[in-house]
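Q: Could you take me through one chain of this model slowly, as if I were seeing a protein structure for the first time? I would like a close look at chain B, starting with its charges.

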Amino acid sequence: MRPLSAESALYEDAAVERRAARIADPVARLRFLRRMHGAPRPRRPSQAPWIAAGFAAVGLIWLMTSLAPPLNIAPPLPAAASQALMPDFAPHAAAVWVVERTAAYEQYSNGLRVELAYETRTHARRPFAVMAVSGPAFRVVGWRNEPNGIVFHTTESDVVPIEAANRDALERIGESTLAAVRQGHCYHYLIDRFGRVFRIVAESDVAYHAGRSVWGTPEAFYVNLNGSFLGVAFESSTSAGAPATTAQLNAGRALTEMLRARYGIAAENCVTHAQVSVNPGAALIGFHTDWGASFPFAALGLPDNYAIPPASIALFGFRHDAAFDAALRGRTWPGVAVAELQVRAGAAASGLPMNTHRTALARRARSLITALHAHSFEKEGIDEKR
Amino acid sequence: MKNVETNPAAANPCGLDVGTSRICLATRSGDGYDFRTQLNAFVTVPHSRITEGVLRKEAIPFTASDGGIHVHGNEAERLAALMDVETRRPMSRGVLNGDEPESLSMLREILTMLAGRGENGRRLYYTVPAAPLGAEDGVTYHDATLRQILSNLGYTVHSINEGLAVIYAELEATNYTGIGISCGGGLCNVCLAYLSVPVLSFSIPKAGDYIDSSAASAAGERANRIRMVKEQSFHLNGYCEDKVQQVIGVYYDEMIRSLVSGMKDALRNMPRMPQLNRPLPVVLSGGTALPAGFRERFERIFREETFPFAISEIRLAADPLHTSARGALVAALAEA
């Protein structure tokens with residue numbers, strides 16, 4: 001409790017009250033009352049400037065001495081610096097080259113070793129469209145022939161603890177997994193639980209890893225990523241709660257570094273299957289949920305790409321359902337929230353209710369995804385694998 | 001203002017209510033007032049250049065730091081709801097939050113966003129809380145920090161006790177004599193003034209945040225959800241739709257009793273009580289006083305106690321969310 005201003009002259013001042021009551025304007029009345037009780041009349045800057053300067057100097061000295069170092073108030077940041085872009089995470093993937101190549105393996109300069117025993121072919125990648133939003137429609141802004149990103153998967157195969165006693169089981173499970181993914185042309189690369197890297201499908205070819213999928217920004221996005229993104233799978237099972245081993249993470253980092261260097265892949269285009277997978281018919285994200293949470297982006301030299309707003313929401317208005325939430329155990333990506341803000345802003349800009357705007361976005365997206373999907377398989381003449 | 005033309009600092013002064021939950025800027029607009037409010041909170045998302053681009057394009061205020069991207073102000077609440085996380089608060093219990101490493105930078109960003117640059121030494125009065133009952137003065141650093149931030153924006157600044165600001169906004173009819181109570185997020189501020197002079201002021205640390213956190217803990221809910229229920233559908237009239245509302249009611253009662261008890265203790269311990277020859281009005285304001293039935297519940301509990309003066313009325317401010325800001329503006333206008 002801090003009682004203030006307890007001078008006896010302040011009390012029972014009936015004359016002051018009577019005068020105040022005659023002042024109609026409440027601000028003027030307050031000004032009068034405060035001056036009657038000794039509030040200093042402010043000096044005009046044009047009067048006695050030397051007095052003002054003197055008070056300013058005293059005030060500055062007081063301020064400097066009263067705000068002593070223990071208060072540690074940081075100086076204000078320049079406006080530009082407060083919103084300066086963070087440096088690109090691993091911005092310049094150093095060149096990685098092949099040190100040795102045999103029929104059995106490739107050895108790279110960054111320590112990566114790629115086993116070739118299970119390598120197979122499908123069909124060559126064809127030029128794929130780079131799309132952009134153009135008002136109410138989409139347009140093709142370019143074509144590419146080389147991979148533009150990486151999608152990380154899990155094999156969701158059986159897992160047993162990595163112990164010497166389980167050596168036979170580990171080998172058996174590993175070999176059967178490799179055989180299965182090779183037969184299905186499921187990924188470009190598989191990293192087994194011992195950190196061995198196997199090329200499954202040649203990088204020049206299409207692997208059936210992404211299915212109906214979307215990733216990118218309004219300025220450059222990709223649909224149905226089998227041809228535009230490389231698929232890298234970790235032998236693990238998120239559903240069984242078995243994250244990648246340390247050996248897998250080390251191998252994954254070296255592999256990611258090599259692929260990014262080889263194709264100039266941006267860090268923001270190295271994402272998980274859960275982030276890109278969609279169900280266009282139901283306008284839902286997360287048709288597949290592997291690596292929907294806890295993907296070790298940092299361990300692979302990548303930024304936390306869960307922060308990126310998924311194009312499936314931001315551009316297509318897709319939603320996530322209870323099954324998706326359950327698979328992620330409530331750990332929704334931060335990027336989802338940002339994408340929802342984009343959809344809301346779009347609804348506001350178009351003057352439509354949120355649901356109406358979202359439905360229109362989803363309808364437009366379904367047509368695009370379906371058309372591109374059918375087109376690609378007509379050209380490729382291959383049944384859908386995933 | 002007769003000297004406005006020759007005193008640029010007096011042109012268009014403003015009042016700033018710096019609350020734990022919200023910051024409100026009041027300016028004069030013709031014969032009325034304009035109010036702009038921002039949530040005093042932020043939420044952090046991992047950094048991504050694409051996210052930065054999205055936020056910039058959608059004009060969502062943010063800053064980037066080593067810790068990630070901090071979205072601050074009103075948008076923070078929406079983002080937190082979408083992410084199902086709690087917002088982070090630069091202030092706690094009415095003053096800078098010492099446990100929040102980004103408190104200073106975020107408060108600076110929100111104040112800059114709301115108030116902008118002060119042209120020609122524009123006058124600004126900002127509210128500060130009174131020291132809590134029975135506690136050492138803990139507001140000097142908070143006051144000095146606000147003063148520096150706002151001065152660096154170019155304003156000529158003065159602080160005003162938050163409870164006194166309520167009196168300046170609401171009690172011109174009694175020549176600014178009476179009791180002003182601001183029930184905010186972090187504190188309830190009380191001020192007794194006589195002819196505009198503050199005679200007694202103090203705060204109690206039980207307010208909106210206390211209700212939110214206590215009710216959340218008791219009901220097993222997030223504090224954000226408790227706050228939304230409290231602001232949207234809660235009534236302090238004994239009618240409880242569900243357990244959440246019942247729990248909120250319990251902690252509202254606790255807060256009001258603490259407030260009344262604090263007033264009684266403060267007045268009893270006051271060394272010299274002014275000789276007042278008229279009953280005093282009591283004005284309630286602040287977001288925590290908004291629920292229907294709050295005024296009635298406060299009056300019922302208040303009248304159970306004995307005070308050394310008579311009370312003429314207990315009423316709710318005309319615009320409880322903007323009262324302190326308007327009172328600060330009145331103080332700024334009265335200085336011209």
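A: Let's start with the charged side chains: chain B carries 33 positive and 38 negative ones. If you mark the centre of each set, the two centres lie 2 Å apart. Keep in mind as you look that this is a predicted model.

Now turn to the surface of chain B. Its accessible area is about 12400 Å², and carbon and sulfur atoms account for 48% of that. What share of the 336 residues in chain B is buried? Buried residues come to 62% of them.

Next, follow the fold itself. Chain B is built from ten helices and 15 strands. Its radius of gyration is 20 Å, close to the 20 Å that the globule rule gives for 336 residues, so chain B is as compact as a globular protein of that length. Along the principal axes, the C-alpha trace of chain B spans about 65 × 60 × 40 Å.

How do residues from separate places in the sequence come together? Take the contacts in chain B between residues at least 6 apart in sequence: 67% of them join residues at least 24 apart.

For a glance at the partner, chain A has a mean pLDDT of 80, with 77% of its residues reaching 70 or more. Over residues 1–8 of chain A, pLDDT is below 50, and it stays under 50 over residues 41–92 of chain A as well. Among the elements of chain A, helix α4 (residues 79–82) has the lowest mean pLDDT, 32, while strand β9 (residues 197–199) has the highest, 98.

Technical notes: Residues are numbered from 1 along each chain as its sequence is written. Chains are lettered from A and ligands numbered from 1 in the order in which they are written. Side-chain values use heavy atoms; hydrogens and water are left out. Helices (H or I, at least four residues) and strands (E, at least two) are DSSP runs, numbered from the N terminus. The radius of gyration is taken over C-alpha atoms; the globule rule is 2.2 Å times the number of residues to the power 0.38. Buried means under 20% relative accessible area, exposed over 50%, partly exposed in between (1.4 Å probe, protein chains only). Contact means heavy atoms within 4.5 Å. Accessible areas come from the Shrake-Rupley method with a 1.4 Å probe; for residues, only the protein chains shown count as cover. Lys and Arg count as positive and Asp and Glu as negative; His and the chain ends are not counted. The place of a charge is taken as NZ of Lys, CZ of Arg, CG of Asp or CD of Glu. pLDDT is the predictor's confidence in each residue, from 0 to 100.
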